[in-house]
Amino acid sequence: MKKSLILGGLFILGLVSLIYSQKIQEKSMVINIEVPVRVFDGQRFVDNLTLKDFEVYENGLPQRVEAVYLVKKKSIERSEERKRFFPQTKRNFYLFFEISEYNARLGEAVSYFVRNIVYPDDTLTIVTPIKTYRLRGKALELQSRKKVVQQLKGILRRDALLGSSAYRHVVKELERLARSMVVNLEENESENFQRLDQAMSAEYDQMSIGEKLQRYVDLLAQLENYRKVNQAMLLRFANFLKRQAGQKYVFIFYQREFIPKIEPRILYQYMNLYQDRPNIVQTLAGVFNFYRREIAFDVEAVKKAYADASVGIHFLFITRPKEKLYGVQMEEHSEDIFGAFKEMAQASGGYAEASFDAYQAFRHALEASQNYYLIYYTPRNYVRDGKFRKIEVRIKGQPYRVVHRVGYFAD
């Protein structure tokens, strides 16, 4: 008994010693934080700043800036160091095309990027609605850039067509079904419907109003599934990027979406006509619920994950005009995505733009991301507690616009 107590005491002492040594090790651990920073005077990048111009705060507390490097494209143009660092300026590009239609300006955007931006030692990953492609490191040395452009444009055109065929089919059926319901209700009340193509709604002539409404709700649910943002995948991708060496740039091309919605006045008319049919009234209420959109993922968690990964998210929202149909509203179906991804771009120190012209939007994003400062500091009283630390970078005495990631996890 006495022996076991002694052994137990030795085990406890050993455990206490281990915990104590771990705490000492954590307190003495030196962590250096790298922050890519872009400074603008209006739209002009400010390239004449020195180490003494920068102020860095972490969770509101001032930090000592240890080094500043001015980087243009991938070359360090100027450096000031209190401590020596070895910045990695290798570039990793990721181009995501969340599109349902290919157009010439998208092709020109790809062409400009391959001809003028990407270098043989850069990595390039392209994600289309169907597949992920990785440009091999030697591809630009083994064949002409013109050939690479032709191949990429062909891939993008084909994958946009095939990858979104099911989505487009659902949208077209929604349009036909919505017009059929409007025709059935008002075909004797308005001359406008004499101009409608009756063949578009003929396939629904044998369906009851209850069946049509249920089909309409089912189609709306299908669209939601096609466009649902997978938060787990977003977080896994952020974790993957965090482990990649060098500078990381993600460009997301997202095309504006519209869905054909039956005008509310039409739905209310149906409610009045079938108020004694609870099943129809309930289905109509379900339609209104689909019209109310909410963000389907935790934007704050995703923002922090990409800021922690030190990756620049550049969100390019490609707009397009909406079609006009009598009795049917072509409603914006991407406002939730736009707001969420714009916040992600801002939190990562990236760029966001809504434009009809994909080529110009991409050029603006590239220009905004090519030049930057790399700032290094060692956090005071660093504790590895897994909490998110907020970073703020200021320029002394200047009202410049400063763009950078918003923080990191102390893990």
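**Exercise 1.** In what order do the six strands of the open sheet stand, and what is the pairing?

Solution. The model is a predicted one. Step one is to read off the order of the six strands, which is β9-β8-β7-β10-β12-β14. Step two is the sense of the pairing, which is mixed in this open sheet. Step three concerns the edges: β9 (132–135) and β14 (352–355) each have a single partner strand, so one side of each has no neighbour in the sheet. Step four is the turn between neighbouring strands, which averages 15° with direction ignored.

**Exercise 2.** Describe how β7 and β8 pair, and name the bridge partner of Y94.

Solution. Strands of a sheet pair through backbone hydrogen bonds, in a parallel or an antiparallel sense. For β7 and strand β8 (residues 123–127), the sense is parallel, and the pairing runs over five bridges. At residue level, Y94 has T125 in β8 as its bridge partner.

**Exercise 3.** Which strands does helix α13 lie across, and at about what angle does α13 run to β10?

Solution. Helix α13 lies across β7, β10, β12 and β14. Its direction is at about 160° to β10. An aromatic pair also links this helix with β10: F253 is in strand β10 (residues 247–255) and F362 in helix α13 (residues 358–370), 109 residues apart.

**Exercise 4.** Classify the aromatic pairs F253 with F362 and Y254 with F315.

Solution. A pair counts as edge-to-face when the planes are over 60 degrees apart, as stacked when they are under 30, and as tilted otherwise. There are 25 aromatic pairs by this rule. For F253 and F362, the angle between the planes is 70° and the centres are 5.1 Å apart, which makes the pair edge-to-face. Both F253 and F362 are buried. For Y254 and F315, the angle is 55° at 6.3 Å centre to centre, and the pair is tilted. This pair also links distant parts of the chain, with Y254 in strand β10 and F315 in strand β12 (residues 311–318), 61 residues apart. Y254 and F315 are both buried. As a last step, place F253 and F362 in their cluster: F93, F97, F113, Y249 and F251 belong to one aromatic cluster with them.

**Exercise 5.** Work out the four-stranded open sheet from its strand pairs.

Solution. Start with β3 (residues 54–58), which pairs with β4 in the antiparallel sense over three bridges. Within this pair, V56 has Q63 in β4 as its bridge partner. Next, β3 pairs with β16, again in the antiparallel sense, over five bridges. Here E55 stands opposite R394 in β16. Then β16 pairs with β18 in the antiparallel sense over three bridges, and K390 has G407 in β18 as its bridge partner. Together these give the order β4-β3-β16-β18, with antiparallel pairing. The edge strands are β4 (61–63) and β18 (407–409), each of which pairs on one side only. From one strand to the next, the twist averages 30°. Finally, add the helix: α11 (residues 299–308) lies across β16 (388–395) and β18, at about 90° to β18.

**Exercise 6.** Which rings lie under the charged ends of R394 and R91?

Solution. The charged end of R394 sits over the ring of Y57, 4.1 Å from the ring centre. For R91, the ring is that of Y119, with a distance of 4.8 Å to its centre.

**Exercise 7.** Is T89 buried or exposed, and what is in contact with T89?

Solution. First locate T89, which is in the loop between β6 (75–81) and β7 (91–98). Because its relative accessibility is 13% and the cut-off for buried is under 20%, T89 counts as buried. Next come its contacts: leaving aside neighbours within four places in sequence, they are V71, K74, I76, Q247 and Y372. One of these, K74, has its backbone oxygen 2.8 Å from a polar atom of the T89 side chain.

**Exercise 8.** Is R236 buried or exposed?

Solution. R236 is in helix α8 (residues 231–242). Its relative accessible area is 54%, and exposed means over 50%, so R236 is exposed. The C-alpha atoms of R236 and A305 are separated by 9.3 Å, although these residues are 69 apart along the chain.

Terms used:
Residues numbered from 1 in each chain as written. Predicted model: local features only at pLDDT ≥ 70, side-chain atom pairs only at ≥ 80, totals over all residues. Heavy atoms only, no water. Pairing = 2+ DSSP bridges. Helix = DSSP H or I, 4+ residues; strand = E, 2+ residues; numbered from the N terminus. Axes fitted to C-alpha atoms, helices over the stretch in contact; angles between N-to-C directions. Contact = heavy atoms within 4.5 Å. Phe/Tyr/Trp six-rings, centres within 6.5 Å; stacked < 30°, edge-to-face > 60°. Buried < 20%, exposed > 50% of the residue type's maximum accessible area, 1.4 Å probe, protein only. Lys NZ or Arg CZ within 6 Å of the ring centre and 35° of its normal. Polar contact = N/O pair within 3.5 Å; in protein donor to acceptor, adjacent residues only side chain to side chain.
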